[in-house]
Structure formats: C-alpha cells, structure tokens
Amino acid sequence: MVRTQMTTSEFLDRVELTDVPRAFMAAQWLHAQQTRKQEKADSENVAVPYLTHLIDVLGLMLQGGATPAQQVAGLLHDALEDQPCTPDGHPTIDFIRDAFGDEVLAMVENCSDVIPVCGQPKGEKGPWPERKKAHIRHIDAQATQNADFLLITLCDKRSEEHTSE
C-alpha cells in the first residue's frame with residue numbers, strides 16, 4: 001500500500017463527511033505508521049495497526065451510548081500523546097481544535113497523561129506507575145468539572161485489558 005502525503009488543509013478539504021467519519025480518517029492519518037504488539041497463541045509477537053485499538057475503543061463507546069463528540073474524541077484520544085505533530089508537521093493539538101472544536105480537544109487533552117510539544121524531542125515520559133497515578137489524580141479532579149471524557153478513558157482501559165488478555 002502506498003501512503004500519499006497530504007497537508008493538513010488538504011485533509012480538511014478532502015471530503016464532506018460528518019465528524020465521526022472524519023475523525024476515523026484523521027486517526028488513520030495520524031497513526032498510520034504506528035503499530036501495537038499483540039501476542040499470538042504461540043507466544044510470537046505480531047505488529048497490528050494501531051487503528052485496531054481505536055476501533056475497539058469506539059465500539060465499546062458506542063455500546064455505552066457515547067455522544068458524537070465523545071466518539072470523535074475516542075478515535076483521537078491517543079493522538080496528542082503519540083503524535084504531537086501531524087504527518088505534515090503541524091501541531092496535532094491545533095489540528096484537532098481546527099477540525100473538531102474545543103469540546104473534542106478538551107476531552108482528548110483530559111485522556112492524555114503526557115502531551116509532548118510538536119517540534120520538541122519527546123524526551124522521557126517518566127516511570128509508568130508515577131505517570132498513571134498522576135493521570136488518575138487528574139481524572140479525579142476533572143471528573144467533577146467535565147465528565148464527558150470518562151467514558152473514553154474507561155473504554156480505553158477496557159480495550160487495553162482485552163488486548164493484554
């Protein structure tokens with residue numbers, strides 16, 4: 001499969017779709033080179049497209065009654081953390097705001113435990129247990145103000161649990 005490079009504006013102007021299909025296309029665009037390791041029954045690790053995780057999260061969210069804005073944020077929930085820049089070099093945070101609005105961006109930000117800055121080295125994220133404890137404290141604090149992202153976070157954790165089984 002040949003991957004064509006397109007600019008952010010080309011992506012946004014490409015087709016007239018509702019936000020959920022556009023978010024699916026954006027997730028594919030942003031995570032195209034990313035894979036997840038999945039253990040097979042014979043203990044071999046295989047690389048599967050990262051998009052499979054995002055589809056799993058979306059499926060769980062749909063079962064939970066997610067709003068369209070939550071569905072969009074669910075498809076993009078890892079974009080800021082994993083892809084600080086779009087494939088054409090623009091800040092992903094700006095892309096999400098411009099393409100899907102502040103409500104979706106706020107949910108995506110609340111789902112992220114670390115948000116690297118586009119153009120700066122990612123650096124060390126820090127030890128996993130400390131990052132996750134800090135993220136849980138963040139979730140607790142944000143949940144009283146805006147609970148829209150909680151369904152995304154719960155479905156993300158369930159998907160990760162399912163993948164590791």
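User: Happy to dig in! How many salt bridges does the structure hold?

Analyst: This predicted model holds 5 salt bridges. Let's go through some of them.

User: What makes the pair Asp19 and Arg22 a salt bridge?

Analyst: Their side chains meet at 2.8 Å, N to O. The cut-off is within 4 Å, for a side-chain nitrogen of Lys or Arg and a carboxyl oxygen of Asp or Glu, so Asp19 and Arg22 qualify.

User: Why can such side chains pair at all?

Analyst: Side chains of opposite charge can pair when their charged atoms come close.

User: How do you know that Asp19 and Arg22 are separated by about one helical turn?

Analyst: Both belong to helix H2 (residues 19-30), and because they are 3 residues apart there, about one helical turn separates them.

User: Is Arg22 called buried or exposed, and why?

Analyst: Buried. The relative accessible area of Arg22 is 13%, and buried means under 20%, so Arg22 meets that limit. Its partner Asp19 has 38% relative accessibility. Partly exposed lies between the 20% and 50% limits, so Asp19 is called partly exposed.

User: Which residues are linked in a network of salt bridges?

Analyst: Asp94, Arg97 and Asp102. Arg97 meets Asp94 at 3.1 Å, N to O, and Arg97 also meets Asp102 at 3.5 Å, N to O. Both values are within 4 Å, so both pairs count as salt bridges. Asp94 and Arg97 lie in helix H6, 3 residues apart, about one turn of the helix.

User: Why is Asp102 called exposed?

Analyst: Asp102 has a relative accessible area of 54%, and the cut-off for exposed is over 50%, so the word fits Asp102. Asp94, at 32%, is partly exposed, and Arg97, at 34%, is partly exposed too.

User: Nice. What makes H6 oblique to H7?

Analyst: The axes of helix H6 (residues 92-100) and helix H7 (residues 102-111) come within 7 Å and cross at roughly 140°. Roughly antiparallel would need an angle over 145 degrees, and roughly perpendicular runs from 65 to 115. The crossing angle fits neither, so H6 is oblique to H7.

User: And which residues of H6 meet H7?

Analyst: On the H6 side they are Ile93, Ile96, Arg97 and Phe100, which meet Asp102, Val104, Leu105, Val108 and Glu109 in H7. The residues of this contact divide into 6 nonpolar, no polar and 3 charged. Arg97 and Asp102, both in this contact, are the pair whose side chains meet in the 3.5 Å salt bridge.

Note on methods. Residues numbered from 1 in each chain as written. Predicted model: local features only at pLDDT ≥ 70, side-chain atom pairs only at ≥ 80, totals over all residues. Heavy atoms only, no water. Axes fitted to C-alpha atoms, helices over the stretch in contact; angles between N-to-C directions. Helix = DSSP H or I, 4+ residues; strand = E, 2+ residues; numbered from the N terminus. Parallel < 35°, antiparallel > 145°, perpendicular 65-115°, else oblique. Contact = heavy atoms within 4.5 Å. Nonpolar A, V, L, I, M, F, W, Y, C, P; charged D, E, K, R; others polar. Buried < 20%, exposed > 50% of the residue type's maximum accessible area, 1.4 Å probe, protein only.
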